[in-house]
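Trainee: Could you take a close look at one part for me? I'd like to hear about the salt bridges and who pairs with whom.

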Amino acid sequence: MTTRWENWARTESATPDRVVFPASAEEVATVVADAAAAGSSVKAIGSGHSFSGIAVAEGVQLRPDRLTGLVRADTGTGLVTVRAGMPLHRLNPLLAELGLALEILGDIDRQTVAGALTTGPHGSGERFGIMATQVRELELVLADGSIVTCSSVERPDLFAAARVSLGALGVITTVTLQCVPLFALRGVDRPQPLDETLESLDELVATHAHFEFFWFPHTATALTRRFTRLPAGTGLRPRGRVARAVEDRFLADYAFDRLLRLGARRPRTVPGITRLATRLTGTRDVTDLAHRVFASPRDVRFREGEYAVPRNAVVDALSELRRWVDAHDEAISFPFEVRFAAADDIWLSPAHERDVAYVAFHQYHRMPHERWFQVCEDVLGAAGGRPHWGKMHRLGAAELAELYPRFADFTALRAHVDPSGVFANPYLDRVLGSVGGPR
């Protein structure tokens, strides 16, 4: 008997026909070949941090718990091969022991390595691409059960597509990453007026290795984060245990959640809650190993959507969203998060062939989100934005084909490597179009 699966946000769930825990590419290949022969679908899942239905498995659910660990590491070249189910929060300390680090990370480290690539996650920094740009080679199992390797020189088209594959091309089993020498980050968190932030945004992004900011609707303050890359031997000044407990566990989690529960019952209190949350977020200056600064805990449950808009469109888009908030009585309890990434050549990367600003919009999970998310999608979509594959959005294959120059190439490749739709599910049928016969 299988158990019901639910993602972290509780936006998606499934009760698969079968759950398996393979420990090698060969075991994955057997599972996939058997499922294909039986006319069943297969879906590999990660840690469940996608808000969309990308990981919903209705047939065979392949869990990564045993597909973990380092395969090999070359400290001279920085090339590290890791099994795809390895969680980032376990990988980063292992890399640090080798004197290595990932060049860029997002702000959550609970994902598996494969999960952190498949949907296109990213950090922030105009000179840095999304996380998938660090990949140099992939091993994956195709729908016929074959185990193949792809890189920029071996099966280059498959490599260009599979780095952000949505799980539609095969099951990734190992990943080779280009790491960099271990480094530290000085992170300075500082509130400043939103108008000032938007007016000087280009300068702020250009003068810091990594810059991002949060903005709570109903307020006029941006909560900025500025990161400076430093040698690993720099004297570290991490946050102490007490500070982490007070700031992360009590204020950011327990107290904020209790306030938002009140806001869910009495929506008129929400603007006051967001203003209070902004005032309580003061200046912070820490220096620590990069992976400890990039990522932070997120325990208050929420809904999230995110669009990557052309870099030069972000200020106008945010200004339009601000005007909408000021003109309506919508209670919006969570902030925007604005980050930046460099252009890349990955076929379904939201940063494909253009520098982008990522604008993430959120709502507390106990509050209605539909109207607000529709407004955000309307504004960011009109600005030329592309939705994050792992977050909530309403677009289908027809609209997405207009946004991605290589969309038709991706779907043609998908039809070639998975003609029967072994790796399909309802979300992929919506965003890519259906493939194969009835499952």
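Mentor: Let's fix one term up front: buried means under 20% relative accessible area, exposed means over 50%, and partly exposed is in between (1.4 Å probe, protein chains only). This is a predicted model, where local features need pLDDT of at least 70, side-chain atom pairs count only at pLDDT 80 or more, and totals for chains, interfaces and linings use all residues. Residues are numbered from 1 along each chain as its sequence is written, and side-chain values use heavy atoms, with hydrogens and water left out.

Now the pairs. The structure has 24 salt bridges, each being a side-chain nitrogen of Lys or Arg within 4 Å of a carboxyl oxygen of Asp or Glu. One of them joins Arg 339 to Asp 107, at 3.7 Å from N to O. Arg 339 sits in strand 18 (residues 336-341) and Asp 107 in the loop between strand 8 (100-101) and helix 3 (115-118), so this pair ties together parts 232 residues apart in sequence. Strands (E, at least two residues) and helices (H or I, at least four) are DSSP runs, numbered from the N terminus. Both Arg 339 and Asp 107 are buried.

Arg 339 also meets Glu 306, at 3.3 Å from N to O. That links distant parts of the chain again, since Glu 306 lies in strand 17 (residues 302-310), 33 residues from Arg 339. Glu 306 is buried as well. Through shared partners, Asp 107, Glu 304, Glu 306, Glu 337, Arg 339 and Lys 391 form one salt-bridge network.

Elsewhere, Asp 257 and Arg 258 pair at 2.9 Å; Asp 257 is buried at 10%, while Arg 258 is partly exposed at 40%.
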